[in-house]
Amino acid sequence: MVLPLARRALLAGRRRLPRPAAAPRPDRRLSPLSLARVAGPPCWAPSPLPSAPLPTAPAARLCSGAGDPAEAAGEDGAMLRHLARKLRASGPVTVAEYMREALTNPGQGYYTRRGGVGESGDFITSPEISQVFGELIGIWYISEWMAMGKPNTFQLVELGPGRGTLTEDILRVFKQLASVLSKCDVSVHLVEVSPKLSEIQAVTLTGGKVQPNPEDELAYMKGISKTGIPISWYRDIQDVPPGYSFYLAHEFFDALPIHKFQRTEKGWREVLVDIDPQVPDQLRFVLSPSRTPATQHFIQPEETRDHVEVCPEAGVIVQRLASRIEKDGGAALVADYGHDGTKTDTFRGFRNHRLHDVLSAPGTADLTADVDFSYLRKMVQGKTATLGPIKQREFLKNMGIDLRLQVLLQNSGDTATREQLLHSYDMLMNPEKMGDCFNFFALLPHHRLVHPDKKDKSESKSPLPPVAGFNELLLK
C-alpha cells in the first residue's frame, strides 16, 4: 500500500521519545506467572476444565474457586458478602451476572471503584507500553478518513478509554496533522461507566478542566482537550450523537460479561456461580440441572467444541456500531485478545499484574475472556464489511512501526532511551508476548471495499485505496 504523504511525514518526523519507564512491568496477560505455565500461545492460563463429565449443582464444582476466607473481611470483602447474600436468597447466577456485579456494581464493582489500569494498577495495555502504538492508531483513522473522501465532520468515539492514554496519543497525531484536518470538524466522544476512570481521563486529556452536564443531558461531562478539541463523556454508546464517526474499542469487548456452556451426556448445560455450602465465604462453579434460556439461544446446532463462551452484550454493541456505520458512515477498529471461534475456556482474572482466581475476592480484580471474533462477524449481519482478525504484529508492521522505530532510535541521545524503545517494540511485536496474542478487527462500509457500481466494468474507474494496517504498506 502506498503511504500517504501525511503518514510519511509523521513517521519520519522528530518526535519526543516514548514515556520513560523506571522498571518496565509486564503486560497483564504477560506476567511471569502466566508465561511460566504456558508453553507458547495462548499467553494466559485460566483454570483448566476437568476432563471427566461434571455432575450438576450442588454436588460438584467445575474448577477451583478457593480463596483465603480472610479476604472476605474489610472493604475488599464487601462484594463477596453482597454476592453471598444474593446467592443464598435466590440460588446460582450465570457467569455473565457474576461478571456484571464484580466489574460494574455501582458500589463495589472493580471498574466503578478501582479501575486498575497502568503500572500502579492490575494491568498494563499497549498504549501504556509505548506511545508509538497510539500514534499508529491515529494514523489509521486519518488514513481511512482520507480514503473515504475527507468528510467535513469527524467524531472519534472510544469505548472504554481506560486512563485516556490512547486517545491522548491519537489527539497528538491529529494536532501534528492539523493542516490535513483543517477543514474538518473534529470531536471526541468517550463511553465510560467508571466515575474513577472518567476523572483520570479528564486529567489526562484536558488537565482536569471539565464541566459536569445537567442530568437531562446525554453527555454527563464535557471539556476541551489540551489540543483544543471538544470532548464529551457518555455512559452508553446509544447516547453518542449520530453522525460520521470512527469508533475505537481497545481491550473493551474482553471485559464484557460472558455466558459459559459445557457439553454433557445430557446435552448442553450452562455454567453457573454459587456459594460453596462446605466452605464459608467461598464461591464455586456449578452446572445448571437443565437447559437454560441462554443455552437455547446461544448454542448453535453445528457447534463442535465441548466448552463455549458467548458474550451477548458484545453482539448487541457490534450490531449498533454496524447500524451506525451503515447509516452515517465511518468505521470501527477493534483491538483485543481473542480468537476466531476456536478457543474454549478463556475466563480469567488479573490482580497486581498476576493471574488471579476469578472467584476469589470479587470486585478486587479485573475479569476478562477472549473475544470471539467469529461471533462479532456473525452479529454484524452483513450491515458492514469486516476485515480481520489479524495479529497485532502484522497490523503494526503494515502501519510502519519498523520505520518509526528506526527514526526514534536515530534521534535518541542515550543508551537507556534506546533500550526502552527496543523493549517496548519487543513487547508489542514479539509473537510470544503481545504480537500474536492481540488481534485487530475492523468494520467498514461496503463501498469502502467495493465500488457501489461494481457492475460497471469501465476501465476509467479508479481503484479503491487499500485499508491501512490490513494490507502491506509500501513506501515511495
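Here are some worked exercises on the cavities, pockets and salt bridges of this predicted model.

**Exercise 1. Find which residues line the largest cavity, and say which helix gives the most to that lining.**

Step 1. Start with the cavities: there are 3 of 30 Å³ or more. The largest holds about 80 Å³ of space.

Step 2. Now look at its walls, which are made by S130, V132, I401, L405, L408, L421, S424, Y425 and L428.

Step 3. Place these on the fold. Two elements, α14 (401–411) and α15 (415–429), give two or more residues to this lining. With 4 residues, α15 gives the most.

Step 4. Sort the lining by chemistry: 7 residues are nonpolar, 2 are polar and none is charged.

**Exercise 2. Describe the lining of the second largest pocket.**

Step 1. This pocket has about 450 Å³ of space. Of its 24 lining residues, R305, V310, D372, S374 and Y375 are the closest to the centre.

Step 2. Trace the elements involved: α10 (293–298), β11 (307–310), β16 (371–372) and α12 (373–380) each supply at least two lining residues. The largest share, 5 residues, belongs to α12.

Step 3. Sort by chemistry again, and you get 12 nonpolar, 5 polar and 7 charged residues.

**Exercise 3. Decide whether R404 and its salt-bridge partner E135 are buried or exposed.**

Step 1. Find the contact: the closest N and O atoms of R404 and E135 are 3.0 Å apart. The pair joins helix α14, which holds R404, to helix α7 (residues 131–147), which holds E135, across 269 residues of the chain.

Step 2. Apply the cut-off: buried means under 20% relative accessible area. R404 has 0%, so it is buried. E135 has 2%, so it is buried too.

**Exercise 4. Carry out the burial check for the salt bridge between E309 and K260.**

Step 1. Here the closest N and O atoms are 2.8 Å apart. E309 sits in strand β11 and K260 in strand β8 (residues 259–264), 49 residues apart.

Step 2. E309, at 9% relative accessibility, counts as buried, and K260, at 2%, is buried as well.

**Exercise 5. Work out which network includes the salt bridge of E101 and K86.**

Step 1. E101 and K86 have their closest N and O atoms 3.2 Å apart. Helix α4 (residues 95–104) carries E101, while helix α3 (residues 78–90) carries K86.

Step 2. Compare the two ends: E101 is buried at 12%, whereas K86 is partly exposed at 25%.

Step 3. Widen the view, and K86, E97, R100, E101 and E313 turn out to be linked in a network of salt bridges. The structure holds 19 salt bridges.

Note on methods: Residues are numbered from 1 along each chain as its sequence is written. This is a predicted model: local features need pLDDT of at least 70, side-chain atom pairs count only at pLDDT 80 or more; totals for chains, interfaces and linings use all residues. Side-chain values use heavy atoms; hydrogens and water are left out. On a 1 Å grid over the protein atoms alone, a cavity is a set of points where a 1.4 Å probe fits but cannot get out, and a pocket is an open set with protein on both sides within 12 Å along at least five of seven lines; lining residues have an atom within 4 Å of a point. Grid points are joined across faces, edges and corners, and a volume is the space filled by probe spheres set on the points. Ala, Val, Leu, Ile, Met, Phe, Trp, Tyr, Cys and Pro count as nonpolar, Asp, Glu, Lys and Arg as charged, and the others, Gly among them, as polar. A salt bridge is a side-chain nitrogen of Lys or Arg within 4 Å of a carboxyl oxygen of Asp or Glu. Buried means under 20% relative accessible area, exposed over 50%, partly exposed in between (1.4 Å probe, protein chains only).
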